[in-house]
Amino acid sequence: MGQEQSNSFPGQMGHPNVPYTAQSLGKVKDEDGKSKSKQRAKLEDIMVVNAPTGKTKLVSKSEDLDIRNLNKLPYFLPLLRSTVNVPASRDLDFFDKFDLRPCLSLCSRYEKHLKQCAEAVSFDQSMLSSRIREMDSYCASVLRRVNDRYKRLSRVAMQMKKVEEMNANLRRIDANLKRLVPMMERHV
């Protein structure tokens, strides 16, 4: 917002750049479409942020110290000029001046490094896969043993159930005999 807009309302000082619309004159339409007047602020309610002083003057671009310093900076282009919309045909001039040997040595060193990393990863993967195979075979043998024990325990549990049933039958027979023996002695 400029100084002119902070100091005055449209229509008060008659500023030529401010158009006279319903909102600039203070008339606002409500939701029904009827126009109502907006309450205007008084001049003493307006706070001026930066009042003009007599020392302030307009400085041209040639006299501005910051712009002169910026103009002194050298102009740089990227290595590949096609990124700044300069024709790509001139990019080949750059490669004539560019020494490729250091770049080639860097790429070869990087390739060796990647090869060493790949070999280390491959060795670790082979070790892990062999350990996984060992663990798979060990788990399979443990599972076989657990299944064998489960089968044996289920057989023993069935035999124990039969023994308990026989024990219950023997107790019932014993109780019946103890009850029948006195009855038989009375009748004889």
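**Figure 1. Burial and surface across the whole chain.** Just 5% of the 188 residues in the chain are buried. This is a predicted model, and its accessible surface adds up to about 18,200 Å², with carbon and sulfur atoms contributing 59% of that. Among contacts with a separation of 6 or more, 23% pair residues that sit 24 or more positions apart.

**Figure 2. Fold order and confidence.** Four helices and two strands make up the secondary structure, and reading from the N terminus you get α-β-β-α-α-α. Average pLDDT for the chain is 77, and 57% of the residues reach at least 70. Helix α4 (residues 100-187) has the highest confidence, with a mean of 94, while helix α1 (residues 3-7) has the lowest, at 52. Right after that, pLDDT is below 50 over residues 8-14, a stretch that still has nine contacts in the model beyond near neighbours in sequence.

**Figure 3. Cysteines without a disulfide.** Look through the whole structure and you'll find zero disulfides. Zoom in on C107: its closest cysteine sulfur belongs to C103, and the two sulfurs are 4.3 Å apart, so they are too far from each other for a bond. A disulfide would need them within 2.5 Å. C107 is partly exposed, at 44% relative accessible area. C139 is also shown here; with a relative accessible area of 46%, C139 is partly exposed.

**Figure 4. A nonpolar patch on the surface.** M135, Y138, V142 and V146 together form a nonpolar surface patch of about 360 Å². M135 belongs to helix α4 and comes out as partly exposed, with 41% relative accessibility.

**Figure 5. Salt bridge E134–R131.** The structure has two salt bridges, and this view takes in the one between E134 and R131, whose closest N and O atoms are 3.0 Å apart. Both residues are in helix α4, three residues apart, or about one turn of the helix. Neither end is tucked away: E134 is partly exposed at 41% relative accessible area, and R131 is partly exposed at 46%.

**Figure 6. Salt bridge D174–K178.** Here D174 pairs up with K178, and 3.5 Å separates the closest N and O atoms. Again both partners lie in helix α4, this time four residues apart, about one turn of the helix. D174 is partly exposed, with 37% relative accessibility, whereas K178 counts as exposed, at 57%.

Note on methods
Residues numbered from 1 in each chain as written. Predicted model: local features only at pLDDT ≥ 70, side-chain atom pairs only at ≥ 80, totals over all residues. Heavy atoms only, no water. Buried < 20%, exposed > 50% of the residue type's maximum accessible area, 1.4 Å probe, protein only. Contact = heavy atoms within 4.5 Å. Areas by Shrake-Rupley, 256 points an atom, 1.4 Å probe, with all protein chains shown as cover. pLDDT = per-residue confidence, 0-100. Patch = residues over 30% accessible without salt bridge, like charges linked within 9 Å, V, L, I, M, F, W, Y side chains within 5 Å. Salt bridge = Lys/Arg side-chain N within 4 Å of Asp/Glu carboxyl O.
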